[in-house]
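Please open the model in your viewer and keep the selection panel at hand. The tour below goes from stop to stop, saying what to select and what is there.

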Amino acid sequence: MPLQKFLFKPGVNRENTRYTTEGGWYECDKIRFRQGNPEKIGGWTQFAAGVFLGTCRSLWNWITLAALNLVGVGTNLKFYIMSGGLYYDITPIRKTITLTNPFTATLNSAVISVSETNHGCVQGDFVIYSGAGIVGLGGNITAVVLANTFQITFVNDNAYTITVSATANATDVSGSPGGGSVVTQYETNTGPSYQIPLIGWGGGTWGGGTWGVGSSNVTSLQLWNQQNFGEDLVYGPRGQGIYYWNANIGFSPIQITITIAAPGVITLPTGFSFPDGTTLAFTSTGALPTGLTVGQVYFVVNSTGGTFNVATSINGTPITTTGSQSGTQRISQRGIDLADAGDSDTPVFQNFLIVSDASRFVIVFGTNDYGSTTINPMLIRWSDQEDPFTWSPQATNQAGSLQLSHGSAIITAVQSRQEIVVFTDSSIYSYQYVGPPFVWTAQLIADNVSLVGPNAAVIASGAVYWMGVDKFYKYDGRVQTLNCDLRRYIFSDFNIEQAQQVYAGTNEGFNEIWWFYCSAGATASDRYVIYNYVENVWYYGDLGRSAWLDSGLLPRPVAATYDSELVQHEDGVDSYVLGTQTALTANISSSEFDIGDGHNFGYVWRIVPDLTFEGSASSPTPAVTMTLFPMQSSGSGTGNTAAANITKGSNYVITEEYTGIVYTRARGRQMIFKISSDQIGTTWQLGAPRIDIRADGRR
């Protein structure tokens, strides 16, 4: 019998039995398709030095006017800006208060109890102690030990505990409670690294259960929302406040010598200047003139050259100080709460936020109404045009609000062509800028449509794609259900209780959309599914990523691992995690094939490979394994397999580099073809291999 080509249909199909899908591919891992042919995906390398705290759930990339390429990194514990390969902590301060003698020590223990009524902390939060008035407890617990940043280990309503670097002795116990006058700064509340199911609202699918019912001591996944406003950043954790980071100060504290003279004129050294609107805080442990407070966020006003005043709001009245000071100050910046810096109607909550391309409005979805401190999950509010600090609607501005009606909560929004696509837990709206007097309007475009989580939707090639609770969708002017050849495989082994972890991202260089999700029983994303929207094919594999950022302002896609680092994908052919190189194990297996309808046994005695190792390292010699799995009948299980290593030939000058004919022995009514690799430095693309198969009787 002549040689027979393997020309399988592109994509992987698991919607039917393995025999029914004859002529196609059935299983794969770390594989993609390029013009119909399978190949190994690219590897990844470390993107930034070091690691961050927590599990990253949000990545955003932008460039400042000073040409700094920045990446915002939001984790369940912290918020960072990554620049030049380093992480800078700009986690917002939610509250600053001065406590008097709050510390109580326990003999022979490093655990310190801190007293404060209604502190608002949760376990895992971070607190910073500073100030000229801080003193030790008299023994091992000195002021140096206490003046630091700590993570809270236990909380009740009026106290919490921290662990310090020293063990308390009897003197510390007798000196408790103590600590003197302590400037205390609380960072925004942290959250769990995985979704903790609730009994009431928020438990299970979006909107399941009764509104307002749930346990107060459990929380959903900690998610950050972020977008740049020009070169600055608007950001905040889901369900908490809105914060603003000003790029003029930057992420690294500046230590300079300044002069503060009555009535509040601040003079900078030669070469320094801060424009109006810059936010800053004085973190000196020394005394400041009366009227200024250590740790308080101020706005620069009346800036002229190297002098300026400060105010408590962006256009506020300059503060008049009593006395003056000259000395070294450490001026730093964290994100400022817009509710403190803006007008009296600035939202205090947000479930999602966007900075619109149309006329630059800051838009928040799921927020509190004017004059209320209760979050309305179906309410949309927007700031004045080009002004993130003005939210009170006036005849002279374009600030306003809009209430949606279909659904019980807005989940997310995606900025598309000439519109923002808004997802509730059951419907989709087209949200568009129309100018005064209505400013923004919303039109219902689909009902009874699901979305599995706030990061499960993404835009690619002008269309919006998303994962629902049991299928995939596309919106390009009309909502369509995507025909997914992996639908049953994915959703039959999917942990719906970790739906908030689903993260969608594009890989524009390969026309792909990736969804990372948790398989059944997993509490961290361990699988991915890919849709190639140009070739209209699906494939999948095992890989843990908690967030994804496509190339655009970066040379390659960047993803967050569960080892708390960022990696750069499509870089090399191997995996580099925490500096350790390992091979990517890649494989793809066909559906069952036979002679005719499987009436006769087939006997295979040789294979002619067709693949390229282009892009592989020269040493060790690139190699893959081709395997035939023969079966007596469909469903009988495989018999003795026939496998052969296919290596790069040393005498070939053409691109397709492989060994010649491979001799083997395999006999069965049906067979499965598999190609795999697990060697460092190897990448490959399969072409059209041929087998020599002949009829071999009926038994």
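Begin by selecting Arg-34 and Glu-39, whose side chains meet in a salt bridge with 3.0 Å from N to O. Keep in mind from here on that this is a predicted model. Colour the two residues by accessibility and they part ways, since Arg-34 is partly exposed with a relative accessible area of 41%, whereas Glu-39 is buried with a value of 8%. Side chains of opposite charge can pair in this way when their charged atoms come close.

Next, select Arg-14 and Glu-27, another salt bridge, in which the closest N and O atoms are 3.9 Å apart. Arg-14 lies in the loop between strand 1 (4–5) and strand 2 (25–29), while Glu-27 belongs to strand 2, so this pair ties together parts that are 13 residues apart in sequence. With a relative accessible area of 17%, Arg-14 is buried, because the limit for that word is under 20%; Glu-27, at 28%, counts as partly exposed. If you add Arg-18 to the selection, you have a network of salt bridges that links Arg-14, Arg-18 and Glu-27.

For one more pair of this kind, move along the chain to Lys-474 and Asp-476, which form a salt bridge with their closest N and O atoms 3.8 Å apart. Asp-476 is partly exposed here, at a relative accessible area of 33%. How many salt bridges does a search of the whole structure find? The search finds 14 of them.

Charged side chains can also be looked at together with rings. Select Arg-32 and Phe-510, and you will find the charged end of Arg-32 over the ring of Phe-510, at 3.7 Å from its centre. Then select Arg-360 and Phe-229, where Arg-360 lies over the face of the ring at 4.3 Å from the ring centre.

The next stop is a sheet. Display strands 11, 12, 16 and 15 as a cartoon, and you will see four strands that form an open sheet in the order 11-12-16-15, with antiparallel pairing. Strand 11 (103–105) and strand 15 (154–156) stand at its edges with a single partner strand each, so one side of each is left without a neighbour in the sheet. Neighbouring strands of this sheet are turned by 25 degrees against each other on average, direction ignored. To look at one of the pairings in detail, select strand 11 and strand 12 (residues 111–115), which run antiparallel and are joined by three bridges; across this pairing, Ala-105 stands opposite Ile-112 of strand 12.

Now go to a hairpin further along the chain, made by strand 42 and strand 43 with four residues between the strands. Strand 42 (residues 527–532) runs antiparallel to strand 43, and six bridges join the two. One place to see this is Val-529, whose bridge partner in strand 43 is Tyr-540. Within the hairpin, Asn-536 takes a positive phi near 55 degrees. Strand 43 (residues 537–542) is mostly covered, as five of its six residues are buried.

Aromatic residues come next, and a search of the whole structure finds 44 aromatic pairs. Select Trp-514 and Trp-548 from among them: the ring centres are 5.2 Å apart and the planes stand at 20 degrees, so the pair is stacked. Trp-514 lies in strand 41 (residues 512–517) and Trp-548 in strand 44 (residues 547–549), so the two rings tie together parts that are 34 residues apart in sequence. Are these two tryptophans buried or exposed? Trp-514 is buried at 0%, and Trp-548 is buried at 4%. Then widen the selection to a cluster linked by ring pairs, made up of Tyr-465, Phe-472, Phe-491, Phe-494, Trp-515, Tyr-517, Tyr-531, Tyr-533 and Trp-538.

For the last stops, select Met-378 in strand 30 (residues 375–382), a residue that is buried with a relative accessible area of 4%. Add Asn-351 and draw a line between the two C-alpha atoms, which are 9.9 Å apart in space although the residues are 27 apart in sequence. Finally, select Cys-56, which counts as buried at 0% relative accessibility, and Cys-484, which counts as buried at 6%. A search of the whole structure for disulfides finds zero.

Technical notes. Residues are numbered from 1 along each chain as its sequence is written. This is a predicted model: local features need pLDDT of at least 70, side-chain atom pairs count only at pLDDT 80 or more; totals for chains, interfaces and linings use all residues. Side-chain values use heavy atoms; hydrogens and water are left out. A disulfide is a pair of cysteine sulfur atoms within 2.5 Å. Buried means under 20% relative accessible area, exposed over 50%, partly exposed in between (1.4 Å probe, protein chains only). Two strands pair if DSSP finds at least two bridges between them. Axes are lines fitted to C-alpha atoms, for helices over the stretch in contact, and angles run from 0 to 180 degrees between N-to-C directions. A salt bridge is a side-chain nitrogen of Lys or Arg within 4 Å of a carboxyl oxygen of Asp or Glu. Rings of Phe, Tyr and Trp (its six-membered ring) pair if their centres lie within 6.5 Å; planes under 30 degrees apart count as stacked, over 60 as edge-to-face and the rest as tilted. A charge sits over a ring if NZ of Lys or CZ of Arg is within 6 Å of the ring centre and within 35 degrees of the ring normal.
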